[in-house]
Amino acid sequence: MNCQHCQSVLPDLLLDPGASSNTAARAHLASCAACNEEFKSLEATFALLDTWRVPEPSPYFDQKLAVRLREEQSLAPAGWFERLKSRFLFNTGRQLRPALAGGTFADLATFSHPHPETSATVQDLQILDKNDQALETMDKLLQDDGPADDSSATLPSS
């Protein structure tokens with residue numbers, strides 16, 4: 001077995017050390033110091049990951065998120081100066097290509113007042129909120145759907 005093949009088998013060796021397909025890899029690890037060192041490093045990484053615990057979320061996470069979403073929705077759209085400033089600050093260089101080809105960099109057509117765009121995250125959360133409200137309404141309707149008068153529910157006699 002060569003080192004490259006052994007490197008690709010190391011995760012399997014860690015996850016299922018007793019498998020019969022790992023005998024060749026174990027033999028290679030006994031003879032190759034570099035692969036053995038890589039295996040020890042992966043074992044240490046897995047051991048460290050096993051000790052990691054997921055942090056508990058804040059008890060008021062949902063309420064705080066809802067407040068922040070409402071604040072973002074109520075903000076006025078950025079003016080042309082803020083858009084121009086962000087274009088210069090966060091530019092990847094792709095917007096300068098039309099200027100080099102004879103186009104205009106300022107792109108004056110976008111200075112009209114566009115409709116405020118909400119981010120995809122805000123839209124997704126709004127959809128989830130509407131779905132949650134619809135499910136709650138359906139649950140209430142289903143709970144109220146029970147028979148109000150038991151006398152009308154008599155079985156016919158045969």
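A crossing of two helices is called left-handed if the near helix is turned anticlockwise from the far one by less than a right angle, and right-handed if clockwise. Keep that in mind on this tour of a predicted model.

**Stop 1: H2 on H3**

Select helices H2 and H3. Their axes lie 6 Å apart, at an angle of about 110°. Angles of 65 to 115 degrees count as roughly perpendicular, so H2 is roughly perpendicular to H3. H2 passes H3 in a left-handed crossing. Now show side chains. From H2, pick His-28, Leu-29 and Ser-31; from H3, pick Ala-33, Cys-35, Asn-36 and Phe-39. These residues make the contact. By class they are 4 nonpolar, 3 polar and no charged.

**Stop 2: H1 on H2**

Keep H2, residues 23–31, and add H1, residues 3–15. The two axes come within 10 Å and cross at roughly 115°. Here too the crossing is left-handed. On the H1 side, select Cys-3, Cys-6, Val-9, Leu-10 and Leu-13. They meet Ala-25, Arg-26, His-28 and Leu-29 of H2. This contact has 7 nonpolar residues, 1 polar and 1 charged. His-28 and Leu-29 may look familiar: they also belong to the contact of H2 with H3.

**Stop 3: H1 on H3**

Hide H2 and bring back H3, residues 33–51. The axes of H1 and H3 come within 10 Å, crossing at roughly 30°. Angles under 35 degrees count as roughly parallel, so H1 runs roughly parallel to H3. Which hand does the crossing of H1 and H3 have, left or right? It is right-handed.

Select the contact residues next. H1 gives Cys-3, Cys-6, Gln-7, Leu-10, Leu-13, Leu-14 and Leu-15. H3 gives Cys-35, Glu-38, Phe-39, Leu-42, Glu-43 and Phe-46. The tally is 10 nonpolar, 1 polar and 2 charged.

**Stop 4: a pocket**

Move on to helix H4 (61–74) and helix H7 (120–143). Each supplies at least two residues to the lining of the second largest pocket. This pocket holds about 280 Å³ of space. Which helix gives the largest share of the lining? H4 does, with 6 residues.

To see the whole lining, select Asp-62, Leu-65, Ala-66, Leu-69, Arg-70, Gln-73, Leu-125, Gln-126, Leu-128, Asp-129 and Asp-132. Then color by class. You should find 5 nonpolar, 2 polar and 4 charged residues. Among the lining residues to look for are Arg-70 and Asp-129.

Definitions and conventions:
Residues are numbered from 1 along each chain as its sequence is written. This is a predicted model: local features need pLDDT of at least 70, side-chain atom pairs count only at pLDDT 80 or more; totals for chains, interfaces and linings use all residues. Side-chain values use heavy atoms; hydrogens and water are left out. Axes are lines fitted to C-alpha atoms, for helices over the stretch in contact, and angles run from 0 to 180 degrees between N-to-C directions. Helices (H or I, at least four residues) and strands (E, at least two) are DSSP runs, numbered from the N terminus. Contact means heavy atoms within 4.5 Å. Ala, Val, Leu, Ile, Met, Phe, Trp, Tyr, Cys and Pro count as nonpolar, Asp, Glu, Lys and Arg as charged, and the others, Gly among them, as polar. On a 1 Å grid over the protein atoms alone, a cavity is a set of points where a 1.4 Å probe fits but cannot get out, and a pocket is an open set with protein on both sides within 12 Å along at least five of seven lines; lining residues have an atom within 4 Å of a point. Grid points are joined across faces, edges and corners, and a volume is the space filled by probe spheres set on the points. Angles under 35 degrees count as roughly parallel, over 145 as roughly antiparallel, 65 to 115 as roughly perpendicular and the rest as oblique.
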